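Subject: Structure for your review

Dear colleague,

Please find the sequence and the structure below. I would be grateful if you could read the notes beneath them with the model open.

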Amino acid sequence: MKKLTFVAAMAIAAVAFTSCGNGTPNADLKNDIDTVSYALGMSQTQGLKEYLVNSLGVDTAYMDEFVKGMNEGANAGEDKKKVAYYAGIQIGQQISNQMVKAINRQLFGEDSTQTISLKNFMAGFITATTGKQGLMTMEQAQQTANTKMQEIKTKATEKEFGAYKKECENYLAANAKKDGVKVLPVAVDMPDGKKVNSFIQYKVIKEGAGAIPADTSLVKVHYEGKLIDGTVFDSSLQRGEPAEMYVNRVIKGWTEALTRMPAGSEWEVYIPQELAYGERQAGQIKPYSALIFKIQLLEVKNKK
């Protein structure tokens, strides 16, 4: 028998009891229908309490209120007015407990003092839901949301990591003056659509004489990645096993270096944040991190 979800079980339960308020209906197992109804009601609640707490944010101290609301919702039956009202309650809770929190995390990270405007969010949400004419079209809203979110997120990230960004820039400026370090100009497309001039720096430790990969090539490499303070965040050398990767499926700084390295070479490559992870956090790699890689190009597996 196909297992019903707890939502389906609630629908069955709606015809099985008529009690209102916050109490539990008294079960009366007079026949097979009564018995299967009760059994289904119990069996379909697996994981429900965890869902209420973890996904809906329900405080278990107020389970009586949950039961009261559930009873009222289940007994609304075919009443379209009540069905619409309870649907609004459900969506409103999702907005409060899920949507807004997720948006705030995306925009402001762990800064809990920052939040979007619930009033304006609801104004836009309700206008679009009811089909009324808004202050912008749906296409304009989507484009504006993407653009403004990126701008706000960038400002928040720069506020938190601006000093570190400057530290990385100073490191690369000083590094470019060191003996043996070469600077390779690179044009890069930024998230806001602008094209900026960037660079990678590299120092040849060992010059190979093998094939130079194309950007679509599969290569075998050994590598070690460090932050400017010397923290090692990834290393195939420590794992003792080389890695295989496509040249165009890595960060842009790697692609620019690999497409100039003959197989058999070993380079130390210095990559600015705009050719690495930019304003994204990636494990130990903080936003705006300049990265240092020691790369051994062992083999070009193909040169497609």
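The notes that follow go through salt bridges, a buried charge, two further buried residues and a surface patch. Please bear in mind that this is a predicted model.

Salt bridges

A search of the whole structure finds six salt bridges. Three of them are described here, including two that share a partner.

In helix 7, which spans residues 138–175, glutamate 151 and lysine 148 lie three residues apart, about one turn of the helix. These two residues form a salt bridge, with 3.5 Å between the closest N and O atoms. Glutamate 151 has a relative accessibility of 37% and therefore counts as partly exposed. Lysine 148 is likewise classed as partly exposed, because its relative accessible area is 45%.

Helix 9 (residues 252–258) holds both glutamate 256 and lysine 252, which are four residues apart, about one turn of the helix. The closest N and O atoms of this pair are 3.2 Å apart, and the pair forms a salt bridge. Glutamate 256 also meets the side chain of arginine 260 in a salt bridge, at 2.9 Å from N to O. Through these shared partners, Lys252, Glu256 and Arg260 are joined into one network. Which member of the network is buried, with a relative accessible area of 13%? That residue is glutamate 256, and the value lies under the 20% limit, so the residue counts as buried. Lysine 252, at 34% relative accessibility, counts as partly exposed, and arginine 260 is partly exposed with a relative accessible area of 35%.

A buried glutamate without a salt bridge

Glutamate 268 lies in strand 6, residues 266–271. The residue is buried yet has no salt bridge. Why is there none with lysine 203, the nearest side chain of opposite charge? Lysine 203 is 4.1 Å away, and a salt bridge requires a nitrogen within 4 Å of a carboxyl oxygen, so the pair does not qualify. The side chain of glutamate 268 does make a polar contact of 2.5 Å with the side chain of tyrosine 270. Beyond its neighbours within four places in sequence, glutamate 268 is in contact with Gln201, Tyr202, Lys203, Ile205, Ile292, Phe293 and Lys294.

Two further buried residues

Tyrosine 288 is found in the loop between strand 6 and strand 7 (291–300). Its phi angle is near 70°, a positive value in a residue other than glycine. With a relative accessibility of 3%, tyrosine 288 counts as buried.

Asparagine 104 is part of helix 5, which covers residues 80–108. This residue counts as buried because its relative accessibility is 13%. Leaving aside neighbours within four places in sequence, asparagine 104 is in contact with Gly109, Gln114, Thr115 and Ile116. Glutamine 143 is 39 residues away from asparagine 104 along the chain, and the C-alpha atoms of the two are separated by 18 Å.

A nonpolar surface patch

Leu29, Tyr38 and Met42 form a nonpolar patch on the surface, and together they have about 320 Å² of accessible area. Tyrosine 38 lies in helix 2, residues 32–43. At 42% relative accessibility, tyrosine 38 counts as partly exposed.

With kind regards

Conventions. Residues numbered from 1 in each chain as written. Predicted model: local features only at pLDDT ≥ 70, side-chain atom pairs only at ≥ 80, totals over all residues. Heavy atoms only, no water. Patch = residues over 30% accessible without salt bridge, like charges linked within 9 Å, V, L, I, M, F, W, Y side chains within 5 Å. Areas by Shrake-Rupley, 256 points an atom, 1.4 Å probe, with all protein chains shown as cover. Helix = DSSP H or I, 4+ residues; strand = E, 2+ residues; numbered from the N terminus. Buried < 20%, exposed > 50% of the residue type's maximum accessible area, 1.4 Å probe, protein only. Lys, Arg positive; Asp, Glu negative; His and termini not counted. Polar contact = N/O pair within 3.5 Å; in protein donor to acceptor, adjacent residues only side chain to side chain. Contact = heavy atoms within 4.5 Å.
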